[in-house]
Amino acid sequence: MMVRPAEVLHQDDSREFWEFARSRKLAMQHCGACGRFRWPCGPLCPYCASDSFSWQQLRGTGRLVGWVVYRREYLPGFPPPYAVGLVELDEGPRFTALLDIPPTKLDADLRVRVKFSRAQNSDQLLPVFRRDDAEKSE
Ligand SMILES: [Zn+2]
C-alpha cells in the first residue's frame with residue numbers, strides 16, 4: 001500500500017515519533033507525572049499539564065473502535081475505496097491511521113496490528129493498521 005506523507009511530518013513535537021516510525025516502531029510520549037500515554041504529541045500532558053515525559057514504545061496492537069470508508073478520490077495516491085480507522089491500542093491511547101483492510105472486512109473490535117508502509121515519493125515510513133491475524137489468513 002502506497003501512502004502519501006502528511007504535511008505535518010516534521011513538526012517539533014512529533015519529530016521523535018517519526019524517527020521511531022523510521023525504525024518500524026510505534027512510540028508515544030509517556031507522562032512522567034501521571035503515567036499516561038499522550039497522543040497527539042505535544043509539549044504538555046493533556047491530563048495533568050506536566051511537561052515531563054519520556055518516549056516509550058508500544059506493542060502496536062489493539063482493536064478497531066471506529067472507521068470511515070472513503071469512496072471518492074480526495075487526494076492523488078489514495079484510490080478509493082480505502083479506510084481510516086480509530087484504533088484503541090492495548091496500552092490505552094486511541095490512534096487514528098490508515099487501514100490496510102478491505103472495507104468489507106471492517107468490524108467493531110477487530111484485532112489490528114501496526115505495520116509501516118513507505119510514503120509515496122518519500123523515504124518516510126507511516127503507521128498503517130492491518131488485521132492482527134493477517135499473517136495466518138493470507
Ligand atoms: Zn500527565
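How many residues lie between β5 and β6 in the hairpin that they form, and which residue in the turn has a positive phi? In this predicted model, the β5–β6 hairpin has four residues between its strands, and Gly92 in the turn takes a positive phi of about 120 degrees. Strand β5 spans residues 82-89 and strand β6 spans residues 94-99; the two run antiparallel and are joined by six bridges. Within this pairing, Val84 has Leu98 of β6 as its bridge partner.

The hairpin belongs to a barrel. Five strands close into this barrel in the order β4-β5-β6-β8-β7, with mixed pairing. Neighbouring strands of the sheet are turned against each other by 50 degrees on average, direction ignored. Strands of a sheet pair through backbone hydrogen bonds, in either the parallel or the antiparallel sense. The parallel sense is seen between β6 and strand β8 (residues 125-131), which pair over two bridges. Here Leu98 stands opposite Val128 of β8, and the bridge partner of Leu99 in β8 is Phe129. Leu98 of β6 is thus placed opposite Val128 in β8 and is also the bridge partner of Val84.

Antiparallel pairing occurs on the other side of β8, where seven bridges link β8 to β7. Phe116 stands opposite Pro127 of β8. These two strands also form a hairpin, with six residues between them, in which Asn121 has a positive phi near 60 degrees. Strand β7 (residues 111-118) pairs in addition with strand β4 (residues 61-70), in the antiparallel sense and over three bridges. In that pairing, Arg63 has Arg111 of β7 as its bridge partner.

A further sheet is open and comprises three strands in the order β2-β1-β3, with antiparallel pairing. Its edge strands are β2 (37-38) and β3 (53-57), each of which pairs on one side only. Strand β1 (residues 27-31) is joined to β2 by two bridges, the two strands running antiparallel. Gln29 stands opposite Arg38 of β2.

Helix α1 covers residues 15-22, and its residues Phe17, Trp18 and Ala21 are buried. These residues lie on the same side of α1, because they cover an arc of only 90 degrees around the axis. Arg15, Glu19 and Arg22 are exposed on the other side of the helix. The buried residues of α1 pack against β1, β7 and β8. Just after the helix, Arg24 adopts a positive phi of about 60 degrees.

The largest nonpolar core consists of 20 residues, and those with the most contacts inside it are Ala21, Ala27, Leu58, Val87, Val112 and Phe129. At least two residues of this core come from each of α1, β1, β5, β6, β7 and β8. The core also draws at least three residues from each of domain 1 (10-57) and domain 2 (59-138). Ala21, buried in α1, is thus among the core residues with the most contacts. In soluble globular proteins, nonpolar side chains tend to be buried together.

The surroundings of Val112 illustrate the contacts of one core residue. Apart from residues up to four places away in sequence, Val112 touches Gly62, Arg63, Leu64, Val87, Phe129, Arg130, Arg131 and Asp132. Among these neighbours, Val87 and Phe129 are themselves listed with the residues that have the most contacts inside the core. Phe129 is also the residue of β8 that serves as bridge partner to Leu99.

Methods. Residues numbered from 1 in each chain as written. Predicted model: local features only at pLDDT ≥ 70, side-chain atom pairs only at ≥ 80, totals over all residues. Pairing = 2+ DSSP bridges. Buried ≥ 20, exposed ≤ 12 C-beta atoms within 10 Å, placed from the backbone. Arc of directions from axis to C-beta. Contact = placed C-beta atoms within 7 Å. Core = buried A, V, L, I, M, F, W, Y, C linked by C-beta atoms within 7 Å. Domains from an automatic or database assignment. Axes fitted to C-alpha atoms, helices over the stretch in contact; angles between N-to-C directions.
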